[in-house]
Amino acid sequence: MKTQYVDYHCHLDLYPNHLELLAESQKNGIATLAVTTTPKAWKKNVDMASEYDQIRVALGLHPQLISERANELSLFEKLLDSTRFVGEIGLDAGKKFYHSFEQQQQVFQAILRMCSQYENKIISIHSAYSSTKVLDALEKNFFPNNGKVVLHWFTGSKKDFQRAIEMGCNFSINQEMLKNEKILSNIINIPITRILTETDGPFVKHNSTSIKPLNIKEFITHLANLLTYDKEELRLQILQNLGKLEE
């Protein structure tokens, strides 16, 4: 199936019916980045996605798990040569996870330095309550010319958005972000060539039900309305953006 849509941040392995969703994404031509939360989850995800060319599996070490999984950094380094895709990684300075923030920064910077040695990695980054710190780390340890960055669910200030754009970052947008007026005002200023769509399923929900990659179809309509863009033109533009990102 030719690629029709893009879900560039989805935790496929965390759905109870993940095998059904893999087949559904493939059937509907939804190019899906299956992010992982720990290196130990890597092999299982690679195995389950092996028959589907629409699924990319990213190697991750989620910042919210650093306090208990930092010891998997060595496994992360060992597996990094096996994939071009990295995620979910990053920082989270929310109240629940701030106790590990210093350790998060150490691990995040170490991962960025590892990735910079390859020059072609595509990285999906979490930056909750830590947008400026994430951009600082990227400037110091990764950019320029060492790979490509997709800022997942980016909620920084107007200044952070502009800085990220100038740095060459891409942005993956989900439906929950459109509910926040502050974020909306920044999304409309992102160059159309830097936008990708995501679900962040199963964490994002609609009517108490986790959204899935197939929901990207209707999300394109909402995003097109926000950006005052023709729906079909936006769909095709996002496919072009994907091609540029992964070239």
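Gln-54 is a good place to start in this predicted model, for it touches residues from quite separate stretches of the chain: Met-1, Lys-2, Thr-3, Ser-25, Gln-26, Gly-29, Ile-30, Ala-31 and Thr-32, leaving aside residues up to four places away in sequence. You will find Gln-54 in the loop between α2 (42-49) and β3 (55-57). Is this residue buried or exposed? Its relative accessible area is 3%, under the 20% cut-off, so Gln-54 counts as buried. The side chain of Gln-54 also reaches the backbone oxygen of Met-1, at 2.8 Å. Tyr-5 offers another view of how the chain folds back: 49 residues separate Tyr-5 from Gln-54 in sequence, while their C-alpha atoms are 10 Å apart in space.

One of the partners of Gln-54 deserves a look of its own. Gln-26 is part of helix α1 (residues 18-27), and with a relative accessible area of 15% Gln-26 is buried. Which residues does Gln-26 touch, not counting those up to four places away in sequence? They are Met-1, Tyr-52, Asp-53 and Gln-54. With Asp-53 there is a polar contact between side chains, at 2.7 Å. Met-1 thus appears in the contacts of Gln-54 and in those of Gln-26.

Let us move on to the nonpolar interior. The largest nonpolar core has 79 residues, and the members that touch the most others are Tyr-8, Leu-138, Leu-151 and Ile-173. Which helix gives the most to this core? That is helix α5 (residues 101-116), with eight residues. If you pick out Leu-151 in the structure, you can trace its contacts with Ile-125, Val-134, Leu-135, Ala-164, Cys-169, Asn-170, Phe-171 and Ser-172, again without residues up to four places away in sequence.

Cys-169, touched by Leu-151, leads us to the cysteines. How many disulfides does a search of the whole structure find? The count is zero. For Cys-169, the nearest cysteine sulfur belongs to Cys-115 and is 14 Å away. A disulfide needs two sulfur atoms within 2.5 Å, so Cys-169 is in none. Cys-169 is buried, at 0% relative accessibility, and Cys-10 is buried with a relative accessible area of 0%.

The backbone has some special spots too. Most residues other than glycine have a negative phi, and most peptide bonds are trans. The table gathers two residues with a positive phi.

| Residue | Phi | Loop | Relative accessibility |
|---|---|---|---|
| Tyr-129 | about 55° | between β5 (121-128) and α6 (131-141) | 70%, exposed |
| Trp-153 | about 50° | between β6 (147-152) and α7 (158-167) | 27%, partly exposed |

Neither Tyr-129 nor Trp-153 is a glycine. Why does Tyr-129 count as exposed? Its relative accessibility is 70%, and the term applies over 50%, so Tyr-129 qualifies. Trp-153, at 27%, falls between the 20% and 50% limits and therefore counts as partly exposed.

Cis peptide bonds complete the tour. One joins Gly-87 and Glu-88, with omega about 10°, and Glu-88 lies in strand β4 (residues 85-92). Where is Pro-202? Pro-202 sits in the loop between β8 (195-197) and β9 (205-206), and a cis peptide bond with omega about 5° joins Pro-202 to Gly-201.

Terms used. Residues numbered from 1 in each chain as written. Predicted model: local features only at pLDDT ≥ 70, side-chain atom pairs only at ≥ 80, totals over all residues. Heavy atoms only, no water. Helix = DSSP H or I, 4+ residues; strand = E, 2+ residues; numbered from the N terminus. Buried < 20%, exposed > 50% of the residue type's maximum accessible area, 1.4 Å probe, protein only. Contact = heavy atoms within 4.5 Å. Polar contact = N/O pair within 3.5 Å; in protein donor to acceptor, adjacent residues only side chain to side chain. Core = buried A, V, L, I, M, F, W, Y, C linked by side-chain atoms within 4.5 Å.
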